[in-house]
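Could you walk me through this model in the viewer, stop by stop? I would like to know what to select next and what is there.

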Amino acid sequence: MNATLADVCRKSGLSSATVSRVINGSSLVRQETRERVQRAMAALDYHPSHAAQTLAKRRTDTLGVLYPHIASGFFAEILRGIEEVAADSGFQVLTLFAHRGAQGIERINSFTAKGRVDGLIVLNLEFPDDVVRSLADRGVPTVLLDRPVPGSGLSTVEIDNAAGADALMSHILGHGHREVLVLAGPRNSYDGNARWRGCALAARRFGIDLGDAQRIRGDFKEEVGAAAMARWLDEKGRPPQAIVALNDVMALGAWDVLRQRGLRVPEDVAIGGFDDGETARHVGLTSVRVPLCDMGREACRLALAQLNGETPPERIVVPAELVVRRSCGCGGEHR
């Protein structure tokens, strides 16, 4: 038969209120009393109900993580960092995928209502700014990851996209290339626009104006990089001197088409990517490394700080790092 709270009270000779305070970690209990209750619990093999503790503390010890969609290792690495810090603090993580549109908003409302989570981490959701701002009015400490929303008052952790893209473009141009095709992101992408600005800034320092003729927008998918490369080759009959793709998978899509057409990387075309995923390391793609796990850790720390009544910084920018490999024309790997 399982022991109950009443059994612990009888065994310890203390009131239910005192025993409950010990179980819920109250600081208003003397150490001697705490040890007395703990001995009684051990003797009875009593394990308090998590649900009851949650009700008493008015907390769930749960952090919610909102994703825009099920995706690649980009999101998995971020979640690993979040979960690592959450577990160290005694919190569990609950995830939800919320797509653009009315159904997605309804899911967000359901997720944040009724005290299901104590804090919320939002990953680059594809919703209008006013929907994101409404999260600030729900009374749940919220951290935005990789997409700041002006006027929301919400803390944000983001990548230094512009500096990373600047470093990549500067390195490519430093090889002497002047005709550079940029595989950019969609118009509404915060990351993509920041990376494009970094590319353009680096090009201006080299006296180059990156016009629309040298930019092809896509949605960060491999097939977009492949289609863009095929179209360029069909129209011009030759490759550009270099390709700067603003994420790795578009770079890999373009690289595959070049290989199919009998063109070599880097002998015929230099290529650089962004994100430095696992595949980039295997194929020797020069890329900008994004410390995704660190971003998750920082976001989780910000959420926990708010739960502890602290005022966290409004913005944390995580630096990106250029990792040079053979695809740009350099030998070996270095940073």
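Here is a short tour of the sheets, the cores, a helix pair and a few backbone details.

Please keep in mind throughout that this is a predicted model.

**Stop 1: the parallel sheet**

Begin by selecting β1, residues 62–67, together with β2, residues 92–97. Six bridges join these two strands, which run parallel. To find the register, show Thr62, which stands opposite Gln92 in β2. Now add the remaining strands: the order across this open sheet of six is β2-β1-β3-β4-β5-β11, and the pairing is parallel. At its edges you will find β2 and β11 (315–318), each pairing on one side only. Looking across the sheet, you can follow a twist that averages 20° from one strand to the next.

**Stop 2: the mixed sheet**

Next, select β6 (residues 180–184) and β7, which run parallel and are joined by three bridges. Ala184 is a handy marker here, standing opposite Arg217 in β7. Extend the selection and you have another open sheet of six strands, ordered β7-β6-β8-β9-β10-β12, this time with mixed pairing. Its edge strands are β7 (215–217) and β12 (321–323), and each of them pairs on one side only. Here the twist from one strand to the next averages 15°.

Keep that sheet on screen and bring in α11, residues 248–260. This helix lies across β6, β8 (242–245), β9 and β10 (286–289), and runs at about 155° to β9.

**Stop 3: the nonpolar cores**

Which residues touch the most other members of the largest nonpolar core? Select Ile121 and Met169: they hold that place among the core's 49 residues. Helix α13 (residues 292–307) supplies the largest share of this core, with seven residues. Another core, of 23 residues, lies apart from it; Leu181, Ile243, Leu258 and Ile271 are among its members.

Go back to Ile121 and show its surroundings. Beyond its neighbours within four places in sequence, Ile121 is in contact with Gly64, Val65, Leu66, Ile82, Val143, Leu145, Ala299, Cys300 and Ala303.

**Stop 4: a crossing helix pair**

Now select α2 (residues 16–23) and α3 (residues 31–44), whose axes are 10 Å apart. They pack at an angle of about 90°, so the two helices are roughly perpendicular to each other. Turn on side chains to see who meets whom: α2 brings Thr18, Val19, Val22 and Ile23, while α3 brings Thr33, Arg34, Val37 and Met41. By type, the residues of this contact divide into five nonpolar, two polar and one charged.

**Stop 5: backbone details**

Move on to Asp45, in the loop between α3 and α4 (50–57). Its phi is near 55°, a positive value in a residue other than glycine. Is Asp45 buried or exposed? Its relative accessibility is 56%, so Asp45 counts as exposed.

For a second positive phi, select Asp275 in strand β9. Phi is about 115° here, although Asp275 is not a glycine. Asp275 is buried, with a relative accessible area of 18%.

Finish at Pro266, in the loop between α11 and β9 (270–275). Where Val265 leads into Pro266, the peptide bond is cis, with omega near 5°.

Note on methods
Residues numbered from 1 in each chain as written. Predicted model: local features only at pLDDT ≥ 70, side-chain atom pairs only at ≥ 80, totals over all residues. Heavy atoms only, no water. Axes fitted to C-alpha atoms, helices over the stretch in contact; angles between N-to-C directions. Helix = DSSP H or I, 4+ residues; strand = E, 2+ residues; numbered from the N terminus. Parallel < 35°, antiparallel > 145°, perpendicular 65-115°, else oblique. Contact = heavy atoms within 4.5 Å. Nonpolar A, V, L, I, M, F, W, Y, C, P; charged D, E, K, R; others polar. Buried < 20%, exposed > 50% of the residue type's maximum accessible area, 1.4 Å probe, protein only. Pairing = 2+ DSSP bridges. Core = buried A, V, L, I, M, F, W, Y, C linked by side-chain atoms within 4.5 Å.
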